[in-house]
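Trainee: Could you walk me slowly through one part of this model, the helix that packs near the ligand, and then show me how the surroundings compare? I'd like the residues and the distances, not just the outline.

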Amino acid sequence: MSAPIVFSGIQPTGRKHLGNFIGAIRQYVEGQDRGEPAIFCIVDLHAISVAYDPVELRERLYDTTAILLAAGLDPERCILFRQSDVREHTELTWLLSAVTSHGDLNRMTQFKDKSAKQRELVSAALFFYPVLMASDVLAYRATEVPVGDDQRQHVELMREIARRFNERFGETLIVPEYRIPEVGARIMDLQEPERKMSTTGGTEAGTVLVLDEPGAIRKKFGSAVTDSGREVRRGDDKPGITNLIDIHAVARGIDPAEVEREFEGAGYGDFKPAVAESVIELLGPVRERYAELRPDQAALEAILAGGAEKARAIAAGTLAEVRGRMGFGPA
Ligand code: TYM
């Protein structure tokens, strides 16, 4: 089997949380050794689909770049770039909109959730968001898209868009597969474990940030909502404890069943501090490395510029073919 072409994108919010880390970032790091190439994009164009501040956007973009590097992405082994540097994404978005069904966009649950939260303007960009996401991936003919569970519907839509394009204009685009981790695909808020962890939709105390100090992490796990009972075991009736077991398992690199065995007979009082410590061990080195990398903005910029150049070379080839197939340019 040939090596996969790995592609994923992440929003430049800077406040990356444990859900992003477990559901996505750790898969990127693993993917960079399998992907040929592995491509990771910080999606600043997506960020403008909701209210934002231009000065902040730039800062958060560097924050996110530094977090990804601190987590282990290596510009020698992957392509890391800023979405807005590669204009092919925006052009392809328009071209793909010709084979995107309005009804499909209307069914996107993320659009429904996010549009309900907008106070002033529900932008057309928010509605078009999944088409831009499709063009991110399809421009590189990626075969594999590592994401958390909340992006499943968006990846299904891009598969549909690629299929429809190929049917209409001839085999051009690759229909990508998603790669969703078996454990940790949906990390839940520690305070409201029926909601996913999120910096926009979750609770402050229930959201563990990648850059949180050990003290803050201990406090958040210490006050994590658990369930009645005291058994450390997974179950639909125990969303809080199930979430903590999954987090502990991923942080320690073991199976959830092993966590259950290890804590058999122990109560929540022993378990919660153990989870906190394993998360501190997981995120501590990332926070330290981040502190070293973030101040050197020129170095971050050089990495992004180098990545954009490589990305552009690939995307331009796809665009030339797409344009030709669609009837643009000289005969
Ligand atoms: P974003 O920036 O919201 O999230 C980045 C990644 O983190 C995953 N994730 C989670 N995983 C587990 N538990 C959670 N609570 C959790 N919250 C977030 C997300 O699934 C995602 O993989 N639309 C995308 C960015 C994007 C993209 C792309 C992704 C733009 N273009 C092309 C893949 C391919 C987003 O907003 O991710």
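Mentor: Sure, labels first: helices here are DSSP runs of H or I with at least four residues, strands are E runs of at least two, and both are numbered from the N terminus. Also keep in mind that this is a predicted model.

Let's settle on α7, which covers residues 124–138, and on α6, residues 109–117, which packs against α7 at about 160° with the two axes 10 Å apart. Angles over 145 degrees count as roughly antiparallel, so α6 ends up roughly antiparallel to α7. The crossing of α6 over α7 is right-handed. If you want to click on the residues, α6 brings Q110, F111, K114 and S115, and these meet L126, F127 and Y129 from α7. Sorted by class, that contact holds four nonpolar residues, two polar ones and one charged one.

Hang on to Y129, as this α7 residue also turns up at the ligand. There are 27 residues around the ligand, and Y129 belongs to the nearest set, together with Q11, D136, D150 and I187. Some polar pairs there are worth displaying. A polar side-chain atom of D150 sits 2.4 Å from a ligand oxygen. Q11 uses a polar backbone atom, 2.8 Å from an oxygen of the ligand. G148 also works through its backbone, with an N or O atom 2.9 Å from a ligand oxygen.

Now follow the chain out of α7. The loop between α7 and β4 (144–146) holds R141, and R141 has a positive phi of about 50° despite not being a glycine. Another backbone detail sits in the loop between α1 (18–31) and β2 (38–42), where you'll find P37. The peptide bond leading from E36 into P37 is cis, with omega near -5°.

For a second helix pair to set beside α6 and α7, try α10 (residues 239–252) and α12 (residues 268–293), which pack at about 40° with axes 9 Å apart. That angle makes α10 and α12 oblique to each other. Here α10 passes α12 in a left-handed crossing. The contact residues include I241, L244, I245 and H248 on α10, and Y268, F271, V275 and L282 on α12. By class, this contact divides into 11 nonpolar, two polar and two charged residues.

Note on methods: Residues numbered from 1 in each chain as written. Predicted model: local features only at pLDDT ≥ 70, side-chain atom pairs only at ≥ 80, totals over all residues. Heavy atoms only, no water. Axes fitted to C-alpha atoms, helices over the stretch in contact; angles between N-to-C directions. Parallel < 35°, antiparallel > 145°, perpendicular 65-115°, else oblique. Left-handed = near helix turned anticlockwise from the far one by under 90°. Contact = heavy atoms within 4.5 Å. Nonpolar A, V, L, I, M, F, W, Y, C, P; charged D, E, K, R; others polar. Near = heavy atom within 4 Å. Polar contact = N/O pair within 3.5 Å; in protein donor to acceptor, adjacent residues only side chain to side chain.
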